[in-house]
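Me: I would like to go through this model by question and answer. Please keep each reply short and end it on the value or name I ask for.

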Amino acid sequence: MKIKPAVATFLLLAPLTACGSAQAGDSTTVTVTVGYQSKTINTVTAGTLLRSLGYFEKELNALHDGKTYKVDWQDYATGAPITAQMTAGKIDIGSMGDFPLLINAARGKQLGKPTHLVSVTGYNLRGGLNTIVTAPDSKLASLGDLKGKKVSTSVGSAADGTLVRALQRAGIDPDKGIEKLNQQPAVGASALSAGSTDALSQFVAWPGLLAYQGKAKALYDGAELNLPTFHGVTAREDFAKQRPAVLEAFLKAQAEATDYLNDHPVAAAESVAKATGLPAEVVYLYNGAHGISTFDPAVKPQLISALKQDVSVLKAAKLTGDIDVDSFVDDQYVEKALGAGYTKRLAAAPAASASEVWPKGASETRSFKTPAELLTYVSAHKDGIRAAYVPDATTGTLWFADKAVWVADGDQVLPFVAPETARAYVSAHGGARVITYAEALEQAS
């Protein structure tokens, strides 16, 4: 790997040029600055969707504490600049992925500006939010094929963590076995299209977007790691202590936005698509009723357990030292904001995976018990399908039906995100074989 740790750390943490400052002083007008990532659609309930719904402003207006509140929404491409602005006292509340959250914790402690994880946005208990993709015409068919190849990722991100762990399981040294390119997601996507990198490991929504656009195909489903990944909300400790009612108002609003997304998944996807420029079909892949991501503000124990396991990956990359995860996590504010409902949210499980079709012109999707039933419907309505989604037969990760790897096993037709997973199934089931999407449709019709 050619990227030097010191350089990687600088790139992750270097602050941007001057941003608006949000101070919780004694003025009658209080500006609350929220840093979010519009295109990281796993955070929409604390960012893009929440902003469009206006719920936070509504909750602030309901405080009736003699203050006039203004919200300054600041949009960033990654979590690193949000951390830089938080430690500079210029952002009060921010949202980012699990690995950036740890860097946020480490950087805050290092600079004497501590931050805390106060809620969760979207999560996947198996790790399906991160995917390794290759070019559509790539001959690479397994993780083992990445040895000696160029792989683009964002060092210090959850997608990099997936890459490191996946390579280790494949027996490849993540430092010496590949040439790692430390790039922003958009740069890595361009590099993949230009042929200057062999593969791209990235987080939501880049893999799904590139697959939808026909610019990439999945090589590895992060859910094969079976280790939770999530995004969450972090707040400055001084802000939380000085303005607890404001932070609680934000978390109430986040819960309301979460309920809206769960109750109106298609409308939410359309709203996020309009705000971000992402195709609604891609947003729905992750944020839909049976999408890759589950949204819930509760800080679940299994997510914190996974966060503790992530520390070793960042330490190995020399991006952080030891991190006291327990002291970083502080769910007292979200527990107070949600009241009696918090315990129920803590115990809630993700919705069962299901196949879905989004008919053209429809405001709702149609769910099917099996992929075969979905294929039968698609075959009968070929000109009326906006998007079709199926869960991986092994991991449950949702994927576009026409981009999935299909396997015929007797009368069954089974979808997989990545070819290696499909081949593993075929090897374990005599008579099973990989087929094309067209053949799968024909068999189901």
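Reply: One definition comes before the questions: two strands pair if DSSP finds at least two bridges between them. The model is predicted.

Me: Which residue in β11 does Tyr 123 stand opposite?
Reply: Strand β11 covers residues 294-295 and runs antiparallel to β4, with two bridges joining them. Two bridges meet the minimum of at least two for pairing. Within β11, the residue opposite Tyr 123 is Thr 294.

Me: Over how many bridges do β4 and β10 pair?
Reply: The strands β4 and β10 (residues 229-236) pair in the antiparallel sense. One point of register is Leu 117, whose bridge partner in β10 is Thr 234. The number of bridges between β4 and β10 is seven.

Me: Is Thr 121 buried or exposed?
Reply: Thr 121 is in strand β4, residues 115-124. Of the 10 residues of β4, 10 are buried, so the strand is largely enclosed by the rest of the structure. Beyond four places in sequence, Thr 121 touches residues including Asn 42, His 231, Gln 254 and Asp 296. Its relative accessibility is 0% and the cut-off is under 20%, so Thr 121 counts as buried.

Me: Which helix gives the most to the largest nonpolar core?
Reply: The largest nonpolar core has 61 residues, and Phe 56, Leu 117, Leu 247 and Phe 250 have the most contacts inside it. Eight residues of this core come from the helix that gives the most, residues 244-263, which is α10.

Me: Which residues is Phe 250 in contact with, leaving aside its neighbours within four places in sequence?
Reply: Phe 250 is among the residues with the most contacts inside the largest core. With sequence neighbours within four places left aside, its contacts are Val 34, Ala 46, Leu 50, Phe 56, Ile 93 and Val 233.

Me: How many residues are in the second, separate core?
Reply: Leu 49, Val 133, Leu 209 and Val 282 are included in this second core. Its count of residues is 40.

Me: Which strands stand at the edges of the open sheet of four strands?
Reply: The order in this sheet is β13-β12-β14-β15, with antiparallel pairing. The two edge strands each have a single partner strand, so one side of each is left without a neighbour in the sheet. They are β13 (366-368) and β15 (398-400).

Me: What is the bridge partner of Trp 358 in β14?
Reply: Strand β12 (residues 355-359) pairs with β14 (residues 385-391) in the antiparallel sense over four bridges. The partner of Trp 358 in β14 is Ala 387.

Me: Which helix packs on the sheet, touching β12, β14 and β15?
Reply: The direction of this helix makes about 25° with that of β14. The helix is mostly covered, with eight of its eight residues buried; Glu 281 and Asn 287 are among them. It spans residues 280-287 and is α12.

Me: At what angle do α17 and α19 pack?
Reply: Helix α17 (residues 371-380) and helix α19 (residues 437-444) have their axes 8 Å apart. Residues that meet there include Leu 375 in α17 and Leu 441 in α19. The contact residues divide into seven nonpolar, two polar and no charged. The packing angle is about 90°.

Me: What is the order of the open sheet of three strands?
Reply: Its edge strands are β17 (412-416) and β18 (433-435), each pairing on one side only. Strand β16 (residues 405-409) pairs with β17 in the antiparallel sense over five bridges, and Val 405 stands opposite Phe 416. The order is β17-β16-β18.

Me: Where does a cis peptide bond occur?
Reply: Omega of this bond is about 5°. Ala 205, in the loop between β8 (199-203) and α8 (206-212), takes part in the bond. The bond joins Val 204 and Ala 205.

Me: Is Lys 318 buried or exposed?
Reply: Lys 318 lies in the loop between α13 (301-316) and α14 (325-328). Its phi is near 60°, a positive value in a residue other than glycine. The relative accessibility is 59% and the cut-off is over 50%, so Lys 318 counts as exposed.

Methods. Residues are numbered from 1 along each chain as its sequence is written. This is a predicted model: local features need pLDDT of at least 70, side-chain atom pairs count only at pLDDT 80 or more; totals for chains, interfaces and linings use all residues. Side-chain values use heavy atoms; hydrogens and water are left out. A nonpolar core is a set of buried Ala, Val, Leu, Ile, Met, Phe, Trp, Tyr and Cys residues joined through side-chain atoms within 4.5 Å. Buried means under 20% relative accessible area, exposed over 50%, partly exposed in between (1.4 Å probe, protein chains only). Contact means heavy atoms within 4.5 Å. Axes are lines fitted to C-alpha atoms, for helices over the stretch in contact, and angles run from 0 to 180 degrees between N-to-C directions. Ala, Val, Leu, Ile, Met, Phe, Trp, Tyr, Cys and Pro count as nonpolar, Asp, Glu, Lys and Arg as charged, and the others, Gly among them, as polar.
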